[in-house]
Amino acid sequence: MDSVTKEVKLMMDPTADPYAAPDPNAPPPSRFGAKDVTDLTWKNLMDAYSCTECGRCTSSCPQNQTGKLLSPRKIMMDTRDRLEKVSKNISNNNGNFVDDGDRLLDNYISKEELWACTSCNACVEACPINI
């Protein structure tokens, strides 16, 4: 995204003024990241369905072992549950999604769970089907 690239370049510029006021004519930043299953890739969604629920990912997760809320297995199950709900919504509304007020982020998966992840990839290494 151009806005992210611009921010990174600004942070890397030693001559940049960190206290400069933002440009008032700049457009508002666009949304970034995944908020619901419709923002995920087909591979992310297929991984949720492919998960065998063995729990090796969670048992190998250092954050889970230290008592943090992160459970990679739960993330996959919550993604699948939300996807099921969205697909039923689309089926019941003649192929159109009608906003139901739920989101994957906050209603199924908490921000605290996601922020606990350090991207160490222990879950990926432990997964027998390479999710």
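Which elements are included in what covers the buried residues of α5? The cover includes α2 (42–50), α3 (56–60), α6 (104–108), α7 (111–116) and α8 (122–126). This report starts from that helix. The model is predicted.

## Helix α5

Helix α5 runs over residues 72–92. That makes 21 residues. From first C-alpha to last, α5 reaches 30 Å. This is close to the 30 Å expected at 1.5 Å a residue. After the helix comes N94, whose phi is positive, near 55°.

Several residues of α5 are buried. They include P72, I75, M76 and M77. D78, T79, R80 and R82 are buried too. So are L83, V86 and N89.

## The largest pocket

The largest pocket has a volume of about 860 Å³. Its lining is made up of 35 residues. Closest to the centre are P72, I75, M76, L114 and C123. P72, I75 and M76 are also among the buried residues of α5.

Which elements give two or more residues to this lining? They are α2, α4 (62–65), α5, α6 and α8. α5 gives the most, with four residues. By class, the lining of the largest pocket has 24 nonpolar residues, eight polar ones and three charged ones.

## The second largest pocket

The second largest pocket has a volume of about 520 Å³. It is lined by 16 residues. K6, E7, L10, P22 and D23 are the closest to its centre. The lining of the second largest pocket counts 11 nonpolar, one polar and four charged residues.

## E113 in helix α7

E113 lies in helix α7, one of the elements that cover the buried residues of α5. Is E113 buried or exposed? Its relative accessibility is 4%. The limit for buried is under 20%, so E113 counts as buried.

What does the side chain of E113 reach at 2.8 Å? The partner is the backbone nitrogen of S110. Which residues touch E113, leaving aside its neighbours within four places in sequence? E113 is in contact with L69, L70, K74, I75 and Y108. Of these, I75 is a buried residue of α5. I75 is also one of the residues closest to the centre of the largest pocket.

Key:
Residues numbered from 1 in each chain as written. Predicted model: local features only at pLDDT ≥ 70, side-chain atom pairs only at ≥ 80, totals over all residues. Heavy atoms only, no water. Expected span 1.5 Å × (residues − 1). Buried < 20%, exposed > 50% of the residue type's maximum accessible area, 1.4 Å probe, protein only. Contact = heavy atoms within 4.5 Å. 1 Å grid on protein atoms, 1.4 Å probe; cavity = no way out; pocket = protein on both sides within 12 Å on 5 of 7 lines; lining within 4 Å. Points joined across faces, edges and corners; volume = space filled by probe spheres on them. Nonpolar A, V, L, I, M, F, W, Y, C, P; charged D, E, K, R; others polar. Polar contact = N/O pair within 3.5 Å; in protein donor to acceptor, adjacent residues only side chain to side chain.
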